[in-house]
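Please open the model in your viewer and keep the selection panel at hand. The tour proceeds from one selection to the next and states what is found at each stop.

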Amino acid sequence: MYVDGFVVPVKKNRMEDYRKLADLAGSLWTEHGALSVVEAKGDDIASGPFTSFPQAVLLADDEVVFFSWITFRDRAHRDAVNEKVMSDPRLSSDTQDPPFSMDRMIYGGFEVVVRRP
């Protein structure tokens, strides 16, 4: 299994816009073959003195952290699905004014080493 993970700061007054975009993106990813998509809003997040989700994205007082992930069979499957999603015009038309700070988004691909149901 392979996972793409994301941490993004979202303006509190744009959370509904983010939810709509995340819903559209999630439906596109699963339509194009992703196994699952999860979007989670920060609820119990401490701002630590050295490392934390808020610190990692330079969270402002008017923002909230979202932690999201998409699962795939393997990296090749991820690459194929992402290529389809990135060329899907339904996504690009809704990303002209994103409700999150793209330049402070943290993301990466991860090979799963332990998985429990």
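In which helix is Ala56 found? Select residues 53-56: this is helix H2, and Ala56 belongs to it. Helices (H or I, at least four residues) and strands (E, at least two) are DSSP runs, numbered from the N terminus.

Before continuing, note that this is a predicted model, in which local features need pLDDT of at least 70 and side-chain atom pairs count only at pLDDT 80 or more, while totals for chains, interfaces and linings use all residues. Residues are numbered from 1 along each chain as its sequence is written, and side-chain values use heavy atoms, with hydrogens and water left out.

**Stop 1: Ala56 and Leu58**

Ala56 counts as partly exposed because its relative accessibility is 43%. The classes are as follows: buried is under 20% relative accessible area, exposed is over 50%, and partly exposed is in between (1.4 Å probe, protein chains only). Add Asn13 to the selection; its C-alpha atom is separated by 21 Å from that of Ala56, and the two residues are 43 residues apart along the chain.

Move next to Leu58, in the loop between H2 and S3. Leu58 is exposed, with a relative accessible area of 64%. Its phi is near 55 degrees, a positive value in a residue other than glycine.

**Stop 2: Glu63**

Select Glu63, in strand S3. Is Glu63 buried or exposed? With 5% relative accessibility, Glu63 counts as buried. Its side chain makes a polar contact of 2.5 Å with the side chain of Arg104. A polar contact is a pair of N or O atoms within 3.5 Å; within protein, one must be able to donate a hydrogen and the other to accept it, and residues adjacent in sequence count only if both atoms are side-chain atoms. Not counting residues up to four places away in sequence, Glu63 touches Pro9, Val10, Lys11, Lys12, Leu58 and Arg104, where contact means heavy atoms within 4.5 Å.

**Stop 3: Ser68**

Remain in strand S3 and select Ser68. Ser68 is buried, at a relative accessible area of 2%. Its side chain is joined to that of Glu39 by a polar contact of 2.5 Å. Beyond its neighbours within four places in sequence, Ser68 has contacts that include Asp4, Gly5, Phe6, Tyr18, Val38 and Ala40.

**Stop 4: strand S1 and its partners**

Display S1 together with S3 and S4. Eight of the ten residues of S1 are buried, so the strand is largely enclosed by the rest of the structure. S1 and S3 run antiparallel and are joined by ten bridges; within this pair, Val7 stands opposite Phe67. S1 also pairs with S4 in the antiparallel sense, over six bridges, and Tyr2 has Glu111 as its bridge partner in S4. Two strands pair if DSSP finds at least two bridges between them.

**Stop 5: helix H1 and the nonpolar core**

Select Met15 in helix H1. Met15 is partly exposed, with a relative accessible area of 26%. Its contacts, leaving aside neighbours within four places in sequence, are Val10, Lys41, Val64 and Phe66. The C-alpha atoms of Met15 and Pro99 are 7.3 Å apart, across 84 residues of sequence.

Which residues have the most contacts inside the largest nonpolar core? They are Val10, Tyr18, Trp29, Phe72 and Leu91, in a core of 19 residues. A nonpolar core is a set of buried Ala, Val, Leu, Ile, Met, Phe, Trp, Tyr and Cys residues joined through side-chain atoms within 4.5 Å. S1, H1, S3 and H3 each supply at least two residues of this core, and H1 gives the most, with seven residues. Centre the view on Tyr18: outside its neighbours within four places in sequence, its contacts include Val8, Val10, Phe66, Pro99 and Phe100.

**Stop 6: helix H3**

Finally, select residues 75-86, the twelve residues of helix H3. The buried residues of H3 are His77, Arg78, Val81, Asn82 and Val85. Seen down the helix axis, these fall within an arc of 125 degrees, so they line one face of H3; the arc is that of the directions from the helix axis to the C-beta atoms. The face turned away from the buried side carries exposed Ala76 and Glu83. Asp74 caps the N-terminal end of H3, with a side-chain oxygen 3.3 Å from the backbone nitrogen of Ala76.

Terms used
Expected span 1.5 Å × (residues − 1).
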